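Reader: I would like to go through this model with you and ask, for each description, what it rests on. Please set each value against its criterion before you conclude.

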Amino acid sequence: MKIAISGKGGVGKTTLSACLARYFAKKGKKVIAVDADPDANLGTALGLDYLKAAEIVPLTDMKELIEERTGAKKGSYGGYFKLNPKVSDIPSKIGIDIDGVKLLVAGTIKAGGSGCYCPENVILKSLFRHLVINQDEVVILDMEAGIEHLGRGTCENMDMLIIVIEPGLRSIQTAHTVKKMATDLGIKTLYVVVNKIKTGGEEKLVREKLADFNVLGIMPYSESVRMSDLKQIQPCEADKIFAQKIEEIALKLQRSMIKSNKIFEQT
Ligand SMILES: Nc1ncnc2c1ncn2[C@@H]1O[C@H](COP(=O)(O)OP(=O)(O)O)[C@@H](O)[C@H]1O
Ligand SMILES: [Mg+2]
């Protein structure tokens, strides 16, 4: 199951990515969490010490590896290179284990749409295409804020895209724009998760605005979750209700994948 998580800045994409990754890992799945935000912070959300996280070299900065795999020579990026580089060993080679989750920090996906066939993008796209073939594997892609990067093909080959929104028209607007782009992007399944809901009235108003969407879950605003970021503890360990909502979302995702015959039987 390959899940891409998108949405406006600050809505909770990384929080949701980390919580789902840890949930599936605890259930014994092989989880690869990909940080595709140039402002990478999925590692710390997964529990990695922030100083250690700062030392991680993103995949797109691994010049030697990129050259070795694509055949692109330094300074000759206009020249020929392989469009189907070997990537199958990349998660084990450069992935960082955090409590059973393998973290891959992707780096910056260059602008330029599908026409940008530079070696860095070819490595990333090949990686996203090849990750997860086994049925008991889960890939979670924590994406950059906004919609611009979607046009770069990052979520091609994903089984589903979750748009995270918060109670506010601006993030709902982003969701509508993504929905319009979804077919062009080759997204088969689109879900919305509403985060940071404070009251029932707020939930009602947001739901009304999301009538055209498949709402996967409604997550409460939680002071403990907010503080967990500062205290470097897991959001799901900080708040039981939040953890319960994550479990509900994870189960729905599994059911949706079973329906489309793409996933392990539910355990
Ligand atoms: N349900 C929530 N309640 C309170 N704070 C939250 C909640 N979800 C996320 N946050 C906080 O909001 C901030 C942004 O979350 P983050 O997951 O980094 O967003 P994004 O990845 O979309 O930019 C973080 O400080 C996080 O702890
Ligand atoms: Mg983030």
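Reader: Which residues in H1 meet which residues in H11?

Author: In this predicted model, Cys19, Leu20, Tyr23 and Phe24 of H1 meet Ile246, Glu247, Ile249 and Ala250 of H11. By class, the residues of this contact comprise seven nonpolar, no polar and one charged.

Reader: What makes H1 roughly perpendicular to H11?

Author: The two helices, H11 spanning residues 240-259, pack at an angle of about 70 degrees with their axes 10 Å apart. Angles of 65 to 115 degrees count as roughly perpendicular, and therefore H1 is described as roughly perpendicular to H11.

Reader: Why is H4 also called roughly perpendicular to H6, and which residues in H4 and H6 meet?

Author: The axes of H4 (residues 63-70) and H6 (residues 119-130) come within 10 Å and cross at roughly 75 degrees. With 65 to 115 degrees as the range for roughly perpendicular, the description of H4 as roughly perpendicular to H6 follows. Here Ile66, Arg69 and Thr70 of H4 meet Pro119, Glu120, Val122 and Ile123 of H6, and the contact divides into four nonpolar, one polar and two charged residues.

Reader: How do you know how compact the protein is for a globular protein of that length?

Author: The protein has eleven helices and eight strands. Its radius of gyration is 18 Å, close to the 18 Å that the globule rule gives for 267 residues, so the protein is as compact as a globular protein of that length. Along the principal axes, its C-alpha atoms fill a box of roughly 60 × 35 × 35 Å.

Reader: Which residues come nearest to ligand 1, and which elements give two or more residues to its shell?

Author: Of the 17 residues around ligand 1, Lys13, Thr14, Thr15, Arg226 and Asp229 come nearest. The elements that give two or more residues to the shell are helix H1 (13-26), strand E7 (189-197) and helix H9 (223-231). By class, the shell holds five nonpolar, eight polar and four charged residues.

Reader: Where in the protein is confidence lowest, and where is it highest?

Author: Confidence is lowest in H6, at a mean of 82, and highest in H1, at 97. For the protein, the mean pLDDT is 87, and 90% of its residues reach 70 or more.

Conventions: Residues numbered from 1 in each chain as written. Chains lettered and ligands numbered in written order. Predicted model: local features only at pLDDT ≥ 70, side-chain atom pairs only at ≥ 80, totals over all residues. Near = placed C-beta within 6 Å. Helix = DSSP H or I, 4+ residues; strand = E, 2+ residues; numbered from the N terminus. Nonpolar A, V, L, I, M, F, W, Y, C, P; charged D, E, K, R; others polar. Axes fitted to C-alpha atoms, helices over the stretch in contact; angles between N-to-C directions. Parallel < 35°, antiparallel > 145°, perpendicular 65-115°, else oblique. Contact = placed C-beta atoms within 7 Å. pLDDT = per-residue confidence, 0-100. Rg over C-alpha atoms; globule rule 2.2 N^0.38 Å.
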